[in-house]
Amino acid sequence: MAVGKNKRLTKGGKKGGKKKQGDPFMKKEWYDIKAPSIFGVRQCGKTLVTRTSGTKIASEALKGRVLELNLADLNNDEDQSY
């Protein structure tokens, strides 16, 4: 190699370029959280999940999530609050 040459510049420059950054929330969907029918309030919240793409299914990503709610909110009863 010759003295004074910059090896990185002579190899052809960049090959890939930068990946375009997008908003991560554009790839998400909102799902309703529903409580069992024994409670007065059926719809108790919403959650985000990444959209279905390829072999990853959005509804599979929802399974196993744990949600903590107040019993007074589910029954519309302030006496059950703590």
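# Worked exercises on a predicted chain

Ser81 sits in the segment after α2; helices (H or I, at least four residues) and strands (E, at least two) are DSSP runs, numbered from the N terminus. This is a predicted model, in which local features need pLDDT of at least 70, side-chain atom pairs count only at pLDDT 80 or more, and totals for chains, interfaces and linings use all residues. Residues are numbered from 1 along each chain as its sequence is written, and side-chain values use heavy atoms, with hydrogens and water left out.

**Exercise 1. Find what Ser81 touches, and work out its exposure class.**

Step 1: skip residues up to four places away in sequence, and Ser81 touches Asn70 and Ala72; contact means heavy atoms within 4.5 Å.
Step 2: the C-alpha atoms of Ser81 and Asn70 are 7.1 Å apart, with their positions eleven residues apart along the chain.
Step 3: Ser81 is partly exposed because its relative accessible area is 34% (buried is under 20%, exposed over 50%, partly exposed in between, with a 1.4 Å probe and protein chains only).

**Exercise 2. Lay out the order of helices and strands, then describe the chain's surface.**

Step 1: count two helices and two strands.
Step 2: read along the sequence, and you get β-β-α-α.
Step 3: of the chain's 82 residues, 9% come out as buried.
Step 4: the accessible surface is about 7900 Å², and carbon and sulfur atoms hold 52% of that. These areas come from the Shrake-Rupley method with a 1.4 Å probe; for residues, only the protein chains shown count as cover.
Step 5: take the contacts between residues at least 6 apart in sequence, and 25% of them join residues at least 24 apart.

**Exercise 3. Is Thr47 buried or exposed, and which residues is it in contact with?**

Step 1: place Thr47 in strand β2, residues 43-50.
Step 2: Thr47 counts as buried, because its relative accessibility is 18%.
Step 3: leave aside neighbours within four places in sequence, and Thr47 is in contact with Glu29, Trp30, Tyr31, Ile33, Leu62 and Arg65.
Step 4: with Arg65, Thr47 also has a side chain to side chain polar contact at 2.9 Å. A polar contact is a pair of N or O atoms within 3.5 Å; within protein, one must be able to donate a hydrogen and the other to accept it, and residues adjacent in sequence count only if both atoms are side-chain atoms.

**Exercise 4. Describe the lining of the largest pocket.**

Step 1: rolling a probe the size of a water molecule over the atoms shows where empty space is left.
Step 2: list the lining, which is Tyr31, Asp32, Ile33, Thr47, Leu62, Arg65, Val66 and Leu67. On a 1 Å grid over the protein atoms alone, a pocket is an open set of points where a 1.4 Å probe fits, with protein on both sides within 12 Å along at least five of seven lines; lining residues have an atom within 4 Å of a point.
Step 3: strand β1 (residues 28-34) gives the most to this lining, with three residues.
Step 4: sort the lining into five nonpolar, one polar and two charged (Ala, Val, Leu, Ile, Met, Phe, Trp, Tyr, Cys and Pro count as nonpolar, Asp, Glu, Lys and Arg as charged, and the others, Gly among them, as polar).

**Exercise 5. Check the exposure of Asp73 and Asn76.**

Step 1: Asp73 belongs to helix α2 and is exposed, because its relative accessible area is 51%.
Step 2: Asp73 lies 8.9 Å from Gly40, C-alpha to C-alpha, with 33 residues separating them in sequence.
Step 3: Asn76 comes in the segment after α2 (71-75) and counts as exposed, at 62% relative accessibility.
Step 4: look at the backbone of Asn76, where phi is near 55 degrees, a positive value in a residue other than glycine.
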